[in-house]
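Here is a friendly tour of one protein chain, meant to be read with the structure open beside you. We will go from strands to helices, and then to some backbone details.

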Amino acid sequence: MKLQIKKVSIIPLLAALLILLHYILANAVIPPASDTMNTRYLGYWLLTITSGIGTNLLALYLGYTATLTKHPWRRLPKIAFYLVLTGFISVIWGITFFQSFETKDLWIALFPISYNNFPFASSMLIWYVLGPILHRSLAVLSSTIRHTLAFFLCWFVIIMPSIYAKSLWGITDSSSFVWVGTLFIFGILISLGEFKWIFDYKKSIPIILFSLLLIGTVAELNIITIGANQLYGRFFSSHLINIAVLSIVIFGILIRVFTTHLLRLINISFFNWLAIVAYFISCLPIVTNRLSNDLLIGLNMGVKKWLSLILLYAVIMVISVILVTTVLMWLSRVRYFRAIIDRFTILEFTDLVKAPQMLKKLLHENWRILLVIFCGLLFTVTQMIITYLTIRRFSWALIGDIFVNTTNQLILNIIIFVFFFLLLFSIINRFWPALVFTSGVSIFISIAEFLKISLRDEPILPADLSMITALGEITRMLNPFIIVAAAVILVFLAVTSFVLQRHSKNMYHHSWRWRGITAILMLIFFSGSFWVNHKNSLPYIVFKGFGVNVQFFDQANGARINGPIIQFINNLDVTIMDKPAGYSKARIQSIMKKYNQTARSINTTRSNDLDNQTMVFVLSESFSDPNRVPEMKVSPNPMPYLTSLKQKTNSGLMLSSGYGGGTANMEWQSLTGLSISNLSPTLPTPYTQLVPQQKTAPAITNLFDSKVAIHPYNASLYNRKEVFKKFGFQKFYYQGSNDKLTYEKKLGKSPYISDQSAYKETIKQVKQVKSGSQFIQLSTMQNHMPYTNYYSGKKFKITGTAFDVANEDSVQTYVQGIAYTDKALSKFIKSIDAIKKPVTVAWYGDHLASLYQTSLMDKYPIQLHETDYFIYNNQTHQLSYTNRLVSPYSFSALALAASDSKVTPYYALITKVTDDLPAMTINPASTKVNSLNGSNIFVNQDGKEIKYENLSKKQKQLYHDYQMIQYDLVAGNQYSAKWAEQKLKTE
């Protein structure tokens, strides 16, 4: 047979179809088992293995047509254009349809070859560029030498690795450089007359049938139990003898059929680009992950449905690839993109050696934008360093940690810097003023960040912008040197920008159209700042993809991890609370009037005012009865005293909104009487996100004369120092405070001050006030995580499957800590009893320790959010409620009731909510972490969820009243603020 070398584009089309079919079978289909569905098993593996020859056919085809491809290097920029745009389209597809994005998806799109996600393309491009040279070199050889070359290539590259079943010559798969080159050379040799037997149907068809039979037989004898992407074997791998020969034979048949009969119908260049796009898409992780995770075809269906789904997926993939290819071909003809492609086109092969000069030219032509990126990098790293200087010294290791641990966040900060510059540049049309002003803003952010973190261990927050109206007061608080230095910097920046712009040429963007488009795009980008915490919004997906860590509970650490700018943006998108229907001043006044009457009614049954009352709220860190944890048993009982005490006083279980964390949220609820479950999901930490912004922040402290807070640890977390000032606490005792702690003893090797010391500190404060009312807030630390063998010996037998074996020592440490707390609590209550004046203690555990199997949360979500509490009064030991389920916002009402104290109208409302509504909390089934809120649920006394629809009419009205007042105080106009703050009026 005499060959006429022509571009038979049907082969790239068939290669594309095979690549896509293999991609679907390997990634979107669970391989059938041989023992239960043998026919489907054999059919699946025959299709999967044979469809893997798609890349082999493509390599053979490009080698075969090398003599017809003139100047292949000129197509490299267009191929790169297709590759990059395919990556970007896939990113858009993933975000749009699956709300899925990872930073690596973007880098793969921008730097596809360097990410090594396209090994076949990387190998193929080199052989493709060398094609004409290789063809000419082989063409001048004699037929005997070419025949010998074909023999040695077959022997050393195909036969020997198949015999020994080992990877030789660096060939590990069908994308290896040597294997792709071998096929490419085979293609050239076929075009020069070698391998003539592959065109003979009498020889080629039996080989095809034998290969297929061999695949089936081996698969039947040696059962395949791994996935298609891990499959390797001399009869299955595309670069070993069986499939390699099959690829070459099928290629020969295709050449003969289509060059003889159908050439005019199939010589379409679109198919060439289709094959390239099909391969590119099949290598993108974002597409693969969605197929294998969201669209996986299981085995629990009939054969017909199973095949229909595979076919449907394949058709969708083919249509998608056709659409993408069409779009890319159209974009490549657009003048702007055409200019980019032409700019990087290498006209002659010898120009490849001029790549360094080309790179130097590109750097010279684009130095402006590179300078902007460098400035963004410099100022971002500076800002991140500043956030660390309060907790560690400057070192090169610190810079290394920033680059290694926060790379993605660093890049996002740089993008924000560059886009802010582009916005300014598009508006003022002056390069240097735009860059200098952007840099100046970054410098002042760095200075302000350092000052605020140094003074308050808190980064700049949106609430700080309100202080701009009080610049006079702020300047009086600052060191005069700082003010002078700021003024000097301002003048220097202004002069520098003026001089640089005056002596620069071509530093303008003359086109109004492009300036307008740029400004609009940048404004759209920055408007996304107000949606970064809206789940599944584009900004939310992008921030999540860049690894932004939403840390509202520790704003300073959030700034260290994310950078000050991103942490600031995180706090922009905060919806405090949804406005209840009918909210108005008149409605709030009506509610206040209603509960004025309720207060009068309640007070007729109570005999005490608060003049001589002492109230102590004790938050016991991570305290919860371990014997109440499902699937776990502890013996002996580690908390015998508390178990006994709960039978003698007001007590029960508290619904915690946290698990393993969220301490300050329980504090906030108990001190304010408000429920965190009514707040927006974007406001999980009221201490840092809400209280600083409130003009008035009513709390139970308003009822008392003396107000003291104790926290035997540092006060860096949750912004407690500022919050407690806002709540009216007159003193705050913590480690490092001006108000020194007297008792700081620790147990064993624990780094935390013991509960016994904390209780002694509390008793000391109780005794110091001889007259008037007193309120003390104590938050302990003894049982805080981690639980690292602090105490010697194992005193408890702990059994069950509630925890991993690796956590056994931690659980033992935790249980021992509970036992120590129980003993300290016994002494604490005895000390309270010895005090002559009336003292009421509201004691509660804030949340469970996060030591238990995560699977338990799916089975027992409410139970794993229940902790112990009691309300104790040293004057009256009568029972009011026993074994009652409550939420933290009820403690003020319960404590006032336990002391038989009269209530103000606001606390009359809290009392009614406590008495007449089921306990409220964040839905623990939907919110298993403490970084975002979930929806509100009601829980009855049996620990079962109650739907809002099942509440009575009166209960719904009470709940609406409560929502109204809470909204007014936290997000509304605070019409009820003074009403909520008022002290009890004594008659």
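## Strands, helices and loops

In strand β9, T867 is the bridge partner of M654. That pair is a good place to start in this model, which is predicted. M654 belongs to the pairing of β3 (residues 650–655) with β9, an antiparallel arrangement joined by six bridges. Strand β8 (residues 839–845) also pairs with β9 in the antiparallel sense, here over five bridges. In that pairing, V841 stands opposite Y872 of β9.

How many of the residues of β9 (residues 866–873) are buried? Eight of its eight residues are, and the strand is mostly covered. The side chains divide into two sets: E866, D868, F870 and Y872 point one way, while T867, Y869, I871 and N873 point the other way. Both sets are buried.

Another sheet is worth a look. It is open, has three strands in the order β11-β12-β13, and pairs in the antiparallel sense. The edges are taken by β11 (919–922) and β13 (945–946), each with a single partner strand, so one side of each has no neighbour in the sheet. Between β12 (residues 936–939) and β13 there are two bridges, and F938 stands opposite I946 of β13.

Stepping back, the protein chain has 38 helices and 13 strands. Its C-alpha trace spans about 115 × 80 × 55 Å along the principal axes. Of the 987 residues in the chain, 53% are buried. Among contacts with a separation of 6 or more, 77% are between residues 24 or more positions apart.

Now for the helices. Two packed helices are described by the angle between their axes and the distance between the axes. Here are two pairs set side by side.

| Helix pair | Angle between axes | Distance between axes |
|---|---|---|
| α36 (residues 905–916) and α37 (residues 953–970) | about 140° | 10 Å |
| α32 (residues 755–768) and α33 (residues 808–834) | roughly 15° | within 9 Å |

With that angle, α36 and α37 are oblique to each other, and α36 passes α37 in a left-handed crossing. On the α36 side the contact is made by Y906, L909, I910, K912, V913 and D916, and on the α37 side by Q955, L958, Y962, I965 and L969. By type, the residues of this contact are eight nonpolar, one polar and two charged.

The other pair is arranged as follows: α32 is roughly parallel to α33, and their crossing is right-handed. From α32 come D755, Q756, Y759, T762 and I763, which meet T821, A824, L825, K827, F828, S831 and I832 of α33. This contact is made up of six nonpolar, four polar and two charged residues.

Helix α25 (residues 555–562) has seven of its eight residues buried, so the rest of the structure largely encloses it. Those buried residues are Q555, A556, G558, A559, R560, I561 and N562. Right after α25 comes G563, with a positive phi near 95°.

Further along, I576 lies in the loop between α26 (564–570) and α27 (585–603). Is I576 buried or exposed? Its relative accessibility is 18%, under the 20% cut-off, so I576 counts as buried. Beyond its neighbours within four places in sequence, I576 is in contact with L679, S680, L683, L690, V970 and A971. The C-alpha atom of I576 is 9.2 Å from that of N678, although the two residues are 102 apart along the chain.

Finally, some backbone details. Most residues other than glycine have a negative phi, and most peptide bonds are trans. Against that background, a cis peptide bond joins S635 and P636, with omega about -5°; P636 sits in the loop between β2 (632–635) and α28 (640–646). A cis peptide bond also joins M785 and P786, with omega about -5°.

P786 lies in the loop between β6 (774–779) and β7 (797–800), and N789 is found between β6 and β7 as well. The phi of N789 is positive, near 45°, and at 44% relative accessibility N789 counts as partly exposed. N719, which is not a glycine, has a positive phi of about 60°. N719 lies in the loop between β4 (706–711) and α31 (720–726), and its 7% relative accessibility makes it buried.

Technical notes: Residues are numbered from 1 along each chain as its sequence is written. This is a predicted model: local features need pLDDT of at least 70, side-chain atom pairs count only at pLDDT 80 or more; totals for chains, interfaces and linings use all residues. Side-chain values use heavy atoms; hydrogens and water are left out. Helices (H or I, at least four residues) and strands (E, at least two) are DSSP runs, numbered from the N terminus. Buried means under 20% relative accessible area, exposed over 50%, partly exposed in between (1.4 Å probe, protein chains only). Contact means heavy atoms within 4.5 Å. Axes are lines fitted to C-alpha atoms, for helices over the stretch in contact, and angles run from 0 to 180 degrees between N-to-C directions. Angles under 35 degrees count as roughly parallel, over 145 as roughly antiparallel, 65 to 115 as roughly perpendicular and the rest as oblique. A crossing is left-handed if the near helix is turned anticlockwise from the far one by less than a right angle, and right-handed if clockwise. Ala, Val, Leu, Ile, Met, Phe, Trp, Tyr, Cys and Pro count as nonpolar, Asp, Glu, Lys and Arg as charged, and the others, Gly among them, as polar. Two strands pair if DSSP finds at least two bridges between them.
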